[in-house]
Amino acid sequence: NQSITEIYNHNFTEEEKKEIIQAFETLTAKFNIQSLTTKEDQIQDRESQITLSAIGRTAPSELKATYDPDGEKRKIWIEFLQNILGNKYEMKIGGTTSLDITKKGLDKEWGIKQFAQHHGFNLNEILFFGDKIYPGGNDYAASKIVDCVAVKSPQDTLTKLNQLP
């Protein structure tokens with residue numbers, strides 16, 4: 001039996017959650033973004049991140065892969081959300097159909113620094129694998145501080161990890 005020790009907690013307040021969820025609901029209505037599953041599967045409250053999975057988090061992966069492969073729809077959605085929410089939050093393209101909103105400054109660069117500090121690692125000892133290592137992608141911030149390997153899927157990650165010396 002392992003116990004879990006919380007090191008930090010940067011969850012949204014109830015007011016922030018309501019504001020973000022309302023903005024996502026406005027976005028989905030304006031752009032007629034229809035979930036193929038349920039409304040709860042489309043907008044997920046992950047406590048410190050609110051995620052819009054356009055056609056549903058559990059929608060068939062082959063449909064998700066073809067929905068917005070270049071992220072162009074989601075770039076427009078981010079601009080729309082910035083008009084509603086301003087620059088109070090981090091807004092990133094994530095997953096195959098998702099947008100992630102977190103508190104300002106709480107991106108993967110911040111998370112990696114926290115992890116490294118807590119475990120006593122130097123940043124040059126960390127190798128990050130991600131599928132969105134480009135400006136606007138949710139993995140891009142990691143590329144500012146550690147070496148990164150671009151991957152397409154969990155299987156691709158495993159393949160590239162096994163190719164390391």
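The following exercises, each with a worked solution, concern a predicted model.

**Exercise 1. The nonpolar cores**

Identify the residues with the most contacts inside the largest nonpolar core, and state which elements supply this core.

*Solution.*

Step 1. The largest nonpolar core has 20 residues. Those with the most contacts inside it are Phe24, Leu27, Leu81, Leu99 and Ile101.

Step 2. At least two residues of this core come from each of α1 (14–30), β2 (49–53), α4 (72–85), β3 (89–94) and β4 (98–103). The greatest contribution is that of α4, with five residues.

Step 3. Another core, of seven residues, lies apart from the largest one. Ala116, Ile126, Ala142 and Ile145 are among its members.

Step 4. A general tendency may be recalled here: in soluble globular proteins, nonpolar side chains tend to be buried together.

Step 5. Leu99 may serve as an example of a core residue. Neighbours within four places in sequence being left aside, Leu99 is in contact with residues including Phe24, Leu27, Ile50, Leu52, Trp77, Ile78 and Leu81. Its contacts also include Arg74 and Lys92.

**Exercise 2. The two sides of helix α4**

Determine how the buried residues of α4 are arranged around the axis of the helix, and name the elements against which they pack.

*Solution.*

Step 1. Helix α4 has 14 residues, and from its first C-alpha to its last it reaches 20 Å. This is close to the 20 Å expected at 1.5 Å a residue.

Step 2. Arg74, Trp77, Ile78, Phe80, Leu81 and Leu85 are the buried residues of α4.

Step 3. Viewed down the axis of α4, the buried residues fall within an arc of 165 degrees, so they line one face of the helix. The general rule is that an α-helix has 3.6 residues a turn, so residues three or four places apart point the same way.

Step 4. Glu79 and Asn83, on the other side of α4, are exposed.

Step 5. The partners of the buried residues of α4 in packing are α1, β2, α3 (61–67), β3 and β4.

Step 6. After α4 comes Gly86, which has a positive phi near 70 degrees.

**Exercise 3. The hairpin of β3 and β4**

Describe the pairing of β3 with β4, and decide whether Glu90 is buried or exposed.

*Solution.*

Step 1. The pairing of β3 and β4 is antiparallel and extends over six bridges. Within it, Gly94 stands opposite Ser98 in β4.

Step 2. The two strands form a hairpin with three residues between them. In the turn, Gly95 has a positive phi of about 50 degrees.

Step 3. Five of the six residues of β3 are buried, so this strand is largely enclosed by the rest of the structure.

Step 4. Glu90 is found in β3. The cut-off for a buried residue is a relative accessible area under 20%. Because its relative accessibility is 13%, Glu90 counts as buried.

Step 5. The side chain of Glu90 reaches the backbone nitrogen of Gly105 at 2.8 Å. Beyond four places in sequence, the contacts of Glu90 include Asp100, Ile101, Thr102 and Gly105.

**Exercise 4. Helix α5**

Compare the span of α5 with the value expected for its 12 residues, and establish where its buried residues lie.

*Solution.*

Step 1. At 1.5 Å a residue, the 12 residues of α5 should span 16 Å, and the end C-alpha atoms are 16 Å apart, which agrees.

Step 2. The buried residues of α5 are Glu109, Ile112 and Ala116. Seen down the helix axis, these residues fall within an arc of 65 degrees, so they line one face of α5. Strand β5 (127–130) is included in what covers them.

Step 3. Gly111 also lies in α5, which comprises residues 108–119. With a relative accessible area of 21%, Gly111 is partly exposed. Between Gly111 and Ala142 the C-alpha distance is 8.7 Å, although they are 31 residues apart in sequence.

Step 4. The ends of the helix remain to be described. Asp107 caps the N-terminal end of α5, with a side-chain oxygen 3.2 Å from the backbone nitrogen of Glu109. Gly120 follows α5 and has a positive phi near 75 degrees.

**Exercise 5. A loop residue**

Locate Gln34 and list the residues that it touches.

*Solution.*

Step 1. Gln34 lies in the loop between α1 and α2 (39–42).

Step 2. Residues up to four places away in sequence not being counted, Gln34 touches Gln42, Ala54 and Ile55.

Step 3. The side chains of Gln34 and Asn32 are joined by a polar contact of 2.6 Å.

Methods
Residues numbered from 1 in each chain as written. Predicted model: local features only at pLDDT ≥ 70, side-chain atom pairs only at ≥ 80, totals over all residues. Heavy atoms only, no water. Core = buried A, V, L, I, M, F, W, Y, C linked by side-chain atoms within 4.5 Å. Buried < 20%, exposed > 50% of the residue type's maximum accessible area, 1.4 Å probe, protein only. Helix = DSSP H or I, 4+ residues; strand = E, 2+ residues; numbered from the N terminus. Contact = heavy atoms within 4.5 Å. Expected span 1.5 Å × (residues − 1). Arc of directions from axis to C-beta. Polar contact = N/O pair within 3.5 Å; in protein donor to acceptor, adjacent residues only side chain to side chain. Pairing = 2+ DSSP bridges.
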